[in-house]
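Please explain how this protein is put together, taking its helices, sheets, cavities and unusual backbone sites in turn.

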Amino acid sequence: MLCRYNSLGTVRHVSLILIFLCQLWVTSVDSHPQCLDFKPPFRPQEELTFCLMYKDFGCCDTEKDQELMTKFYRIMDNFDNYGYATCASYVQDLICQECSPYAAHLYDAEDPSTPVRTLPGLCRDYCANFWTRCGATIPFLSSDSRLAAAERDQVRFCELLGIPDPDYCFPDIAVNNGMTRDLGRLSTGTGGCLQVCLEEVANGLRNPLAMVHANDGTHRFFVAEQVGVVWAYLSDRSRLEKPFLNISQVVLTSPWEGDERGFLGLVFHPQFKYNGKLYVYYSVEVGLDERIRISEFRISASDMNVVNHSSERIILEIEEPASNHNGGQLLFADDGMMYIFTGDGGMAGDPFGEYGNAQNKSALLGKVLRIDVNYNDKGPLYRIPPDNPFVREPGARPEVYAYGVRNMWRCSVDRGDPLTKEGKGRIICGDVGQNKYEEVDVIEKGSNYGWRAREGFSCYDKQLCANSSLNDVLPIYAYPHKVGKSVTGGYVYRGCENPNLNGIYIFGDFMSGRLMSLQENQYTGQWDYREICTGPGPRCLFPGLINNYHPYIISFGEDEAGELYFMSTGVPSATSYSGVVYKIVDPSRRAPPRQCHYEPLPVKTKGKLIPLKPKETLTGLELSAKHQKHSKAEEPSPPVAEPESLTQDSAKDWLQELLDMLRAQEASWVRKTTAPITTKALMAGKDDQGRPKDGAVRLAGGRKDRGRVEVFLDGEWGTVCDDAWDLQAAEVVCRQLGLGRALKSSKQAEFGEGKHLPILLDKVRCTGMEKSLRDCQHSGVGEHNCGHHKDAGVICENAELAS
């Protein structure tokens with residue numbers, strides 16, 4: 001909706017700068033399905049009996065339909081038989097547009113902070129006919145004083161009810177095949193990707209790698225950080241100030257980017273509500289050995305939001321020969337057994353033993369393990385389920401359920417279709433590849449998933465691959481490293497709020513930041529692939545939704561109601577507070593009102609609650625031509641009655657939202673510029689006149705704590721080639737800038753190419769203690785054999801991220 005002076009209502013006391021902003025900037029709102037409650041349309045659970053044109057899809061359920069029918073008869077009671085015969089269809093059409101999937105556009109209500117029309121926007125000819133035949137119904141349909149004043153002026157009346165874009169007025173919009181053909185279906189973007197929107201749920205987290213619920217009716221969710229801290233969140237997304245669990249003192253990890261060790265998994269016992277048990281998977285150092293440890297904890301007897309840290313019982317420990325490929329998934333399947341997913345032990349190519357750990361059933365690494373931890377208060381901490389597949393095989397570990405896996409990162413149990421239960425109990429995993437392929441597998445009892453003989457569908461160890469006894473199970477999907485280099489397994493969506501997503505397996509890639517999907521074809525049994533993208537700004541212009549996320553996708557999660565989330569970060573370090581939890585939302589269709597309603601059980605809290613303060617913003621809101629034209633022609637409207645819901649607080653929220661959008665718009669303009677982005681805060685090494693000293697360094701193309709490295713040598717600025725560029729060299733730059741330790745040595749012009757500058761340094765080798773890059777070993781100032789596509793950069797630790 002356009003900015004109007006009279007729309008400010010109770011916020012007239014707000015600074016006049018708001019009016020100035022409204023004159024300069026208007027939110028682009030390309031028409032998209034949206035209801036008057038600012039949410040997507042839906043398919044009614046029961047067929048409508050009055051507003052029949054929207055019985056299949058729209059913005060009314062049976063309750064609203066009956067309300068509108070009552071309103072119709074109340075209006076028509078004022079007319080005789082002739083008036084009824086002449087005007088009933090017009091009146092019904094007009095009041096039923098509240099049920100239109102485009103109701104928000106028809107009623108100029110896409111901005112929740114501004115007044116809503118009392119009548120829908122009408123096409124010119126339809127409006128003229130209505131005014132001519134049934135103008136007498138206007139006072140009964142609307143209390144708008146402007147419409148009342150124009151009741152005797154057909155031209156003025158239809159101007160007030162007009163919509164700038166004739167494609168979106170009623171009744172044309174209802175018969176526009178282009179607008180109605182795909183209503184209610186998942187919208188698609190460039191290349192056929194499925195468009196979704198996101199909702200920020202939690203932020204300020206350090207590599208959040210697990211989000212789980214306790215299945216206890218409270219609808220709390222718990223987010224684990226790699227450092228070994230777990231936070232409890234209530235259903236309103238407020239966080240308990242005190243950690244739910246904190247074992248960071250014993251968890252083995254580091255701040256270095258790519259360190260795979262740490263707190264890796266968390267799962268609640270299916271009977272947690274009654275036994276208070278939960279299980280964790282983490283890296284630990286025992287003497288000189290590195291191990292993975294699976295432990296049991298109990299909830300505190302005095303506080304349901306804190307774990308009793310002294311209750312730890314070590315269920316299982318496995319020695320890790322290397323620091324990578326640590327697995328980390330724990331889950332309980334429908335059979336009540338606990339499944340443990342271990343990595344192959346690390347290094348590259350599973351070099352352990354004759355065939356590697358993954359193919360060796362006497363080793364616990366590179367496996368899916370299945371154990372019974374039920375009723376373990378007395379006797380052994382876990383038992384072997386008697387139906388495990390290798391219980392009677394000599395030399396095999398009885399815990400092994402499946403083998404031949406490399407490093408399965410994130411697995412889930414399919415809840416099954418809400419009605420048919422199809423797919424229920426399936427375990428689906430993402431298995432990280434070696435050099436060429438990433439894969440997704442359905443875990444089956446006793447199966448061999450091929451590693452190290454096979455990577456995806458391709459042979460890795462040709463000798464093993466040719467072995468006729470391999471009998472391995474192929475993945476349901478594999479993708480090459482040009483798409484992504486580290487799969488993050490996800491979930492089959494089985495929630496209530498987004499019916500279009502039902503049955504779609506949503507997963508991602510840590511390195512490329514892609515969101516992807518698979519859906520089983522019921523006719524072929526194959527899994528069809530579709531990429532997932534976030535919708536453009538107008539598509540996601542619903543309250544609280546955004547369309548962008550941090551690129552390193554670490555994990556996925558479900559809440560107690562089955563809604564789907566993922567976790568990602570801007571800096572993949574266990575000490576960077578840049579992790580965010582996002583909820584996935586379909587902007588095309590929602591569930592009918594009240595269908596997904598639940599009442600969380602009360603949670604007794606003893607500590608302080610920290611409310612969520614979203615930091616992410618919607619992007620891509622540019623001024624469209626149709627709104628530019630409308631803005632120029634718009635006349636200041638006389639004052640109208642303020643909606644009761646527009647309070648001073650909501651007006652302030654609207655102002656903040658406007659300013660946030662402007663900042664996001666400005667940021668996108670800045671990102672598009674080709675000039676280097678440099679500020680005083682990004683440069684270190686100046687003389688008394690503020691001129692750069694020899695050896696000075698600055699960051700460009702990023703922000704304060706990251707960017708392309710530019711160095712000042714022999715009187716000029718230039719870039720650094722990334723040949724031999726490593727963390728020690730990055731450490732020199734970060735320390736020189738006063739930004740703390742280096743988190744990443746960036747390569748391949750991650751922060752853009754500095755083509756306007758010469759390349760001054762190549763083959764830079766540092767110990768990390770030098771004062772500047774000039775003091776490091778290098779090929780000589782100005783001597784290089786690389787191009788700007790190899791411009792080096794850094795990401796430095798920034799204390800502001802933690803604040």
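The paragraphs below lead through the structure part by part.

The model is a predicted one. A suitable place to begin is a pair of helices. Helix α3, which covers residues 81-96, packs against helix α5, residues 124-134. The angle between them is about 135 degrees, and their axes lie 10 Å apart. Angles over 145 degrees would count as roughly antiparallel, and those from 65 to 115 degrees as roughly perpendicular; α3 and α5 are therefore oblique to each other. The crossing of α3 past α5 is left-handed.

Beyond the helices, two sheets deserve attention. In general, the strands of a sheet pair through backbone hydrogen bonds, in either a parallel or an antiparallel manner. One open sheet consists of 4 strands in the order β11-β12-β13-β14, and its pairing is antiparallel. Its edges are formed by β11 (329-332) and β14 (400-403); each has a single partner strand, so one side of each is left without a neighbour in the sheet. On average, and with direction ignored, neighbouring strands of this sheet are turned by 20 degrees against each other. Within the sheet, β12 and β13 are joined in the antiparallel sense over 4 bridges, and I340 stands opposite L369 of β13.

The loop between β12 (338-341) and β13 (367-371) contains D350. This residue has a positive phi of about 45 degrees, although D350 is not a glycine.

Another open sheet, also described by an antiparallel pairing, has 4 strands in the order β15-β16-β17-β20. Here β15 (408-413) and β20 (477-480) stand at the edges with a single partner strand each, so one side of each lacks a neighbour in the sheet. The average turn between neighbouring strands of this sheet is 15 degrees, direction ignored. Strand β16, residues 427-431, pairs with strand β17, residues 437-443, in the antiparallel sense over 5 bridges. As one example of the residue pairing, C429 has D441 in β17 as its bridge partner.

Strand β17 also leads to the enclosed spaces of the model. How many cavities of 30 Å³ or more does the structure hold? There are 2 of them. The largest cavity has a volume of about 60 Å³. Both β17 and β18 (454-455) supply at least two residues of its lining. Among the lining residues are Y437 and E439, together with R454 and E455. Others that line this cavity include G404, R406, D431, V432, G433, Y449, W451 and G456. By class, the lining has 4 nonpolar, 3 polar and 5 charged residues.

W451, one of the residues lining the largest cavity, also takes part in an unusual backbone feature. The peptide bond from W451 to R452 is cis, with omega near 10 degrees. R452 belongs to the loop between β17 and β18.

The second largest cavity encloses about 40 Å³ of space. Which residues line the second largest cavity? They are K71, L94, I95, E98, Y107, T118, L119 and L141. This lining divides into 5 nonpolar, 1 polar and 2 charged residues.

A further cis peptide bond completes the account. The bond from F170 to P171 is cis, with omega near 10 degrees. P171 is located in the loop between α8 (154-160) and α9 (172-175).

Terms used: Residues are numbered from 1 along each chain as its sequence is written. This is a predicted model: local features need pLDDT of at least 70, side-chain atom pairs count only at pLDDT 80 or more; totals for chains, interfaces and linings use all residues. Side-chain values use heavy atoms; hydrogens and water are left out. Two strands pair if DSSP finds at least two bridges between them. Axes are lines fitted to C-alpha atoms, for helices over the stretch in contact, and angles run from 0 to 180 degrees between N-to-C directions. On a 1 Å grid over the protein atoms alone, a cavity is a set of points where a 1.4 Å probe fits but cannot get out, and a pocket is an open set with protein on both sides within 12 Å along at least five of seven lines; lining residues have an atom within 4 Å of a point. Grid points are joined across faces, edges and corners, and a volume is the space filled by probe spheres set on the points. Ala, Val, Leu, Ile, Met, Phe, Trp, Tyr, Cys and Pro count as nonpolar, Asp, Glu, Lys and Arg as charged, and the others, Gly among them, as polar. Angles under 35 degrees count as roughly parallel, over 145 as roughly antiparallel, 65 to 115 as roughly perpendicular and the rest as oblique. A crossing is left-handed if the near helix is turned anticlockwise from the far one by less than a right angle, and right-handed if clockwise.
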